[in-house]
Amino acid sequence: MALAWPALAGAGEVAIVMSEDAAVYRTVAETIQSRLEGAAAVDIVTIPALRNPKQKDLRFLVAIGSQAANAAVASHIDVPLLVTLLPRSAFDRLAAERRRAADPQPLSALYLDQPIGRQFDLIRLAMPNARRIGVLLGAESDHRYPALQKAAQEKQMHLAVQRVSGDSEIAPALQKLLPEIDVLLALPDPSVFNASTIQPILLATYRQQLPLFGFSAAYVRAGAIASLHSTPVQIGNQAADMLRTALAKGQLPPPRYSGQYTLATNPHVAHSLGIPLEGEAALMQRLQQLEER
Amino acid sequence: MKRNHSRLAGLLPVLSLALFSAPSVAQPSGEASERDFLDELPVVLSASRLVQPLADAPGAVTIIDRDLIKASGAREIVDLFRLVPGFQVGMAYGSAPVVAYHGLADEYSRHMQVLVDGRSVYSPYFLGSITWNNLRLSLDDIERIEVLRGSNSAAYGANAFMGVINIVTRHPSQSQGAYLSATQGNQGIGDQVLRYGGSHGDLHYRITAGRRSDNGFANFHDSRQAGYVAFRGDMRLTAQDELQLQFGANRSSAGAGFAGNSGDPERTLNEKGYFAQAVWRRSFGPDEELMLNAYHMEDEGSENYMVRGSIRNPFPFPPTLLSAVVDADRRTKRTHLELQHIFRLNPAARVVWGFEQRHESVASRLMFDTPEPQTTNLSRLFGNLEWRLAPQWLLNAGAMLEKHSFAGTDLAPRLMLNFQPSPEHTIRAGMSTAYRNPSLAEERAKVRYYITAIPPAPFPPLQLVQTSYNASGGLQPERIRTGELSYLGEFRNLGLTADARAFHENVSRIIDKTGSPANFLNRHRAIVRGLEYQLRWKPTRDTLVLLNHTRTRIASDDDRIAESSPQRATTLFLSQTLPGGWQLSLTHHWIGQMRWLGWSNPLPWHRRMDLRLAYPFRSGPFKGEAAIVTQNLTAPYSEFRTDYIFERRNFATLSLEF
């Protein structure tokens, strides 16, 4: 199927670059393409296509995933760039590099992660008595501390933080953190939360009868009590909406979080922890009502 | 990302080899990317790892967690069961601990199933018993102990006759780094534990080595020494598959016999053994799991000694001298294979089912009058349905079909209905039937002493044979029919859990020996009735209070059985964290009069008070604790026999972690 993707030499006003030709990137790209049908011609390509010269009708470039975002910036194709399906920290790094390089190319993003406030709202709705939220911060998440503090203040929660640099510091950090908190919130930082650390982290929280809130469906399968995440289709829809605005106004809207998201819960873990957790649909409805206010 | 590479890993070539061939599920660390959101993660809290809430449990359960283990001041595992309502703990002949629930126990407590990580540690030797001294396990490696009070053969097979003790050890990822602990006390108490936990790719492992020794009771030849080494390695094979390997070995010795008794001379029993276990789990999510559990264990004891006696002859002849060599060496083996499948039938119903195959053998010349190993084969098919009939009603229906090579085939069913009118209150009512299969010795014991008699000259020496046990066989399994009504109150805002169990246990076909030479027969019946409760109150993080009380009445055609449980027993446990981080705990037991069966006699009621004071500290990378424990601050009391006097024991423990 990869052979079917045209090079950047297509005739579209929008070109979508995928980090790789894998199902998840394709879903986002095809969702955007179908949502823009009638509004703009969309080409879907992979990174190597960026080496070709710019097509003359091209108005916006969309990068899906971190690799595509990096490649799109490096390609110096001077049309406004929308990056998506990447976490905010990856975008912030990219934007900072661009500022240093004084690159004038307009840049915006649709983040893959959820705003901190939304996650705090979920915790409050799911566990009305939980007030103390614990986070482990590592190299990739440390810069989120001010945002976490601010959200905690706004939502009247107490934030407890332990900083770790390396796997061996996780266990002692948890030992200090867990007795002080009601829930542990996982943040997308591979130096702290990855496939090999998730086991000791979940076992330690479980032993203290504390729930972990994750940020992907995989976290809920692994044993987190709940997670908020945006699916590839939801990201595609939101990115298409941003592009519609951009096509109409001629410029990209500012970076933002996805307004569409999914809630996944693990009722078995909740039951085992003795936490009376509402059903996904009811909880999601309450969360959306809260967000709309 | 720093990883703990260890030299120990080099000692495990098989594991290392497996590591390199297994695909790694770990992702490279570095900058956050969409992969953090999209990649698969291992299923950590799998169906079998999720602890069932107490309100859903099919019966009364007491959980002993790490905090309680520590605060209790327990030196060995059996000390912990003193904190479980309805339990009796004693130290029998040769410093062998015995644990019973609702009496009916002698020095070979054989009415309880004990599992360590799903491995039965019930010894098939002699009458069958739990060899608590040879568990190859350090207290600090235990994550929690679930004690299911009451018969549970439907889930755990025969031997889970009166209850089940389920010991779950810590996942190695939870005990990384080094740990040292040393205990020294009076009465020869000297225990050491050394542990190292590390990781290597997706393998987490720990290796623990320990020694324990004490002098036993004053004036008895029952000092004991035990050394053990235990390994547990948990390896993630894929996001769904996990392999756990465990190995353990022990070597121990204990004094036996009595000074000045040539018929039961002082001697030393030397034991050694090992086990190997592999558990493979495939999780399809938090509500479906397939588990394959295989283990093999071998234990041997060497106890070879000479007994002497004499027969008086008419004057003026000197007495005839008698002597016999007792070859009490034994060797037991068990191989076990088990497949278990947990799945959800529908949102309201969950099923656990599986089958087990077990082979056991016991070789003992003393017991069977032959060096040939005696074998038992066991096949089991089990299933339990957990069905939420309505939001407030939960039904647990289970049964085990067991085919035993000489006890025949039995079906042990259990039905328990839990009614939870509000989140705080649960009322359970249920009934079950369970069996205990006769042990090899009860079925086949043939104990013959080959005696050499040396009469006075000029008569020549004679060979005599004295038969002391001659089992006729054909025993039926012991049977227990239980009816119970229990209440669980969980008041989270008060930090209070109340658990009360009213029970009616109808035990029949109780196997006992009789006659000379002794034969084992299904002889007695007993009706055990009573009420027990436990209050657990944790008002703050710093305070824990436990109050247990048991009232038991046993009616039996045998007077000793009727006295085999105290009619009343009360335990109060307090634990408090003091300013400065000091931890103080205090336990007080009041145990009514009772008697153990077998080689015992009635014990008067007694009190016992234990005290523990600990100071946890932290200095740089070191974390540690200094603790002093006094067991039995009050007057000396009798533990198993009136002459086994438990005097005050003091010991101090220093532990370091880094």
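**Figure 1. The contact between chain B and chain A in the predicted model.** In this predicted model, 36 residues of chain B are in contact with 44 residues of chain A. On the side of chain B that touches chain A, helix α2 (residues 35–38) of chain B gives the most, with three residues. Sorted by class, that side of chain B has 16 nonpolar residues, together with ten polar and ten charged ones.

**Figure 2. Chain B as a whole.** Chain B has eight helices and 37 strands. Its radius of gyration is 26 Å, close to the 26 Å that the globule rule gives for 658 residues, so chain B is as compact as a globular protein of that length. The C-alpha trace of chain B spans about 100 × 55 × 50 Å along its principal axes, and 44% of the 658 residues of the chain count as buried. Among the contacts in chain B with a separation of 6 or more, 60% are accounted for by residues 24 or more positions apart.

**Figure 3. The surroundings of B:N377.** B:N377 has its place in strand β21 (residues 374–390) of chain B. Because 13 other C-beta atoms lie within 10 Å, B:N377 is partly exposed. When residues up to four places away in sequence are not counted, B:N377 touches B:H359 and B:S405. The C-alpha atom of B:N377 is separated by 8.8 Å from that of B:S361, a residue 16 residues apart from B:N377 along the chain.

**Figure 4. The covered helix α2 of chain A.** Helix α2 (residues 66–75) of chain A is mostly covered, since eight of its ten residues are buried. The buried residues in α2(A) are A:S66, A:Q67, A:A68, A:A69, A:N70, A:A72, A:V73 and A:S75. What covers these residues includes three strands of chain A, β1 (14–18), β3 (60–64) and β4 (81–86), as well as helix α3 (88–100) of chain A. After α2(A) comes A:H76, whose phi is positive, near 55°.

**Figure 5. The open six-stranded sheet of chain A.** Six strands of chain A form an open sheet with mixed pairing, in the order β7-β6-β8-β9-β10-β12. At the edges stand β7 (158–163) and β12 (262–265) of chain A, each with a single partner strand, so one side of each is left without a neighbour in the sheet. On average, and with direction ignored, neighbouring strands of this sheet are turned by 25° against each other. Within the sheet, strand β6 (residues 132–137) of chain A and strand β8 (residues 183–185) of chain A run parallel and are joined by three bridges. A:I133 stands opposite A:V183 in β8(A).

**Figure 6. Helix α4 across the strands of chain A.** Helix α4 (residues 116–126) of chain A lies across four strands of that chain, namely β6, β8, β9 (212–214) and β10 (226–229). With respect to β10(A), helix α4 of chain A runs at about 150°.

**Figure 7. The two assigned domains of chain A.** The domain assignment of chain A gives domain 1 as residues 2–112 + 232–257 and domain 2 as residues 116–228 + 261–292. The C-alpha centres of domain 1 of chain A and domain 2 of chain A lie 31 Å apart.

Key. Residues are numbered from 1 along each chain as its sequence is written. Chains are lettered from A and ligands numbered from 1 in the order in which they are written. This is a predicted model: local features need pLDDT of at least 70, side-chain atom pairs count only at pLDDT 80 or more; totals for chains, interfaces and linings use all residues. Helices (H or I, at least four residues) and strands (E, at least two) are DSSP runs, numbered from the N terminus. The radius of gyration is taken over C-alpha atoms; the globule rule is 2.2 Å times the number of residues to the power 0.38. A residue is buried if 20 or more other C-beta atoms lie within 10 Å of its own, exposed if 12 or fewer, and partly exposed in between; C-beta atoms are placed from the backbone. Two residues are in contact if their C-beta atoms, placed from the backbone, lie within 7 Å. Ala, Val, Leu, Ile, Met, Phe, Trp, Tyr, Cys and Pro count as nonpolar, Asp, Glu, Lys and Arg as charged, and the others, Gly among them, as polar. Two strands pair if DSSP finds at least two bridges between them. Axes are lines fitted to C-alpha atoms, for helices over the stretch in contact, and angles run from 0 to 180 degrees between N-to-C directions. Domain bounds come from an automatic or database domain assignment.
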